[in-house]
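Biologist: Please pick one strand and take me through it closely. Then show me where it sits in the rest of the model.

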Amino acid sequence: MKEPKQMSVSAIENGTVIDHVPAKNLFKVIQILGLDKIDNQITFGTNLESKKLGRKSIIKISGLFFQDEDINRIALVAPDAKLNIIRDYEVVEKKVVEVPDSITGIAKCMNPKCITNYETVTTRFKVMSKKNVSLKCHYCEKITNQENMHII
Amino acid sequence: MKNRSLVSIDDFSTDEIIKILDLTEEFEKQPTSKLLEGKVIATLFFEPSTRTRLSFESAINRLGGKIVGFSDAANSSVSKGETLNDTIRTVTNYCDLIVMRHPIEGSARFASEIATVPVINAGDGANQHPTQTLLDLYSIRKTQGRLNDLNIFLVGDLKYGRTVHSLMMAMSRWKATFNFISPEELKMPDEFKYYLDNLGLKYYEHNDFTEIISRADIIYMTRVQKERFSDPIEYEKVKNVYVLRDAMLKNTKPNMKILHPLPRVNEIHPDVDSNPKAYYFEQALNGVYTRQAILCSLLGIK
């Protein structure tokens, strides 16, 4: 009997696995991290079953390691994401993401009268609260809270 | 403070605010000089504000500076569709400092980041109007002889009024006690009350001028605008409750002064004007000296 052809999502030798990404935000994570612009080998799975998230995504990036401040940029869209750092096929470190103190260019200011919604201005926020995330706009000084948060 | 911009009152430390107020005192004694001779100041008013613009222009003229600018976006390249970014990048080449009023919130911060000269925010939508706050602080200090431990009454539209928000935040640096007097629909927003809670400062909320008016050191009046009410009947009900009349001032403290950012409509009855406790027109005059002090500080002249 012929062995069934198998698409293997093999373990990576060196790189980063990002797990527990909410399925609906997979492509936002890809965009925020700029994974669509690099040459590394990347595999991702989405709509995988997850007890915690319902449906989750997982991203495996070969040969790439993130600085904390870079990876924390996904905290708004994937607050429960867990990172496995792989070296020589072994998980050598696990990390969780943390909401940073300030956020640049990811969220949209909810104030329709804010300059960032009129002209080409990169949004900037000071994080006022990390648990139930609330952001204070660097420009109009208004607060955008989690319920009204839109990711650009 | 040389080459800094003034966008929000929080851009200045308490020491820097005091420095501005001290300098304002100097300009009050000597408002006319040649300190700004050879300087060109741009006054960009993307929305009309006669009072603020004339106050700035008077301040500049008295110091011998020259003015370029416009008083209405209709008279500028904005009407041709130019972005604020392009207007600022162009005008920054023509002048030593930009004074800007713009209806969009955050526009002044944005302008200060792209201009190569200092920017003074003369009002960005409902957000900030720091020169008004500084002239209010000057008026309070001048009439009370201090800023510490005063009882400040804020009256009228406390929900949308940016002047009262900025003044409240600024006065909280000097441990003020606040009394908020407003209709239910225009109450001080919770975020500002939390701010005071966190500082451990006292505040009281009322729906009308009560007996406690006798405790006020400063009564800061604002306009209750009809447009702010979803129900016009509500407006009709409350519009006369927030009108200050001379008879109400009988038992007020001798040091008490009435301030108003102007323009006034009907919230201060004209019979108050002749009362020595009415201070709003002097307050407007103080605005000229305050703006002279701010201009000279940011240009590094004083």
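Modeller: What follows starts with one strand and then widens to its chain and the partner chain.

This is a predicted model: local features need pLDDT (the predictor's confidence in each residue, from 0 to 100) of at least 70, side-chain atom pairs count only at pLDDT 80 or more, and totals for chains, interfaces and linings use all residues. Residues are numbered from 1 along each chain as its sequence is written, while chains are lettered from A and ligands numbered from 1 in the order in which they are written.

The strand is β9 of chain A, residues 134–137. Helices (H or I, at least four residues) and strands (E, at least two) are DSSP runs, numbered from the N terminus. In a regular strand the side chains alternate between the two faces of the sheet. Strand β9(A) shows this alternation. Leu135(A) and Cys137(A) point to one face and are buried. Ser134(A) and Lys136(A) point to the other face and are not buried. A residue is buried if 20 or more other C-beta atoms lie within 10 Å of its own, exposed if 12 or fewer, and partly exposed in between; the C-beta atoms are placed from the backbone.

Now the pairing. Two strands pair if DSSP finds at least two bridges between them. Strand β8(A), residues 124–129, runs antiparallel to β9(A), and four bridges join them. One of the bridge pairs is Lys126(A) with Lys136(A). A hairpin of four residues connects β8(A) to β9(A). Strand β10(A), residues 143–145, is also antiparallel to β9(A), with three bridges. Here Ser134(A) has Asn145(A) as its bridge partner. Five residues lie between the strands in this hairpin.

Glu141(A) lies in that loop between β9 and β10 of chain A. Its phi is positive, about 70 degrees, although Glu141(A) is not a glycine. Most residues other than glycine have a negative phi, and most peptide bonds are trans. Glu141(A) counts as partly exposed because 19 other C-beta atoms lie within 10 Å. Asn47(A) also has a positive phi, near 60 degrees. Asn47(A) lies in strand β2 of chain A. Asn47(A) has 12 C-beta neighbours inside 10 Å, so Asn47(A) counts as exposed.

Next, the chain around the strand. Chain A has two helices and eleven strands. Along the sequence the pattern is β-α-β-β-α-β-β-β-β-β-β-β-β. The C-alpha trace of chain A spans about 70 × 30 × 30 Å along its principal axes. Of its 152 residues, 30% are buried. Elsewhere in chain A, five strands form an open sheet with antiparallel pairing, in the order β2-β3-β1-β4-β5. Its edge strands, each pairing on one side only, are β2 (42–50) and β5 (90–96) of chain A. The twist averages 20 degrees from one strand to the next. Angles here run from 0 to 180 degrees between N-to-C directions, and axes are lines fitted to C-alpha atoms, for helices over the stretch in contact. Within this sheet, β1 (residues 14–22) and β4 (residues 82–87) of chain A pair over six bridges, in the antiparallel sense. Gly15(A) has Ile86(A) as its bridge partner in β4(A).

Then the partner chain. 13 residues of chain A are in contact with twelve residues of chain B. Contact means C-beta atoms, placed from the backbone, within 7 Å. On the chain A side, seven of these residues are nonpolar, three polar and three charged. Ala, Val, Leu, Ile, Met, Phe, Trp, Tyr, Cys and Pro count as nonpolar, Asp, Glu, Lys and Arg as charged, and the others, Gly among them, as polar. Chain B averages a pLDDT of 94. The model scores ipTM 0.88 and pTM 0.88.

Chain B also has an open sheet of five strands, in the order β7-β6-β5-β8-β9, with parallel pairing. Note that β9 of chain B is one of its edge strands, along with β7 (203–206); β9(B) covers residues 257–259. Three bridges join β8(B), residues 218–221, to β9(B) in parallel. Ile218(B) has Lys257(B) as its bridge partner in β9(B). Pro263(B) sits in the loop between β9 and α9 of chain B. The peptide bond from Leu262(B) to Pro263(B) is cis, with omega near 5 degrees.

Technical notes:
Contact = placed C-beta atoms within 7 Å.
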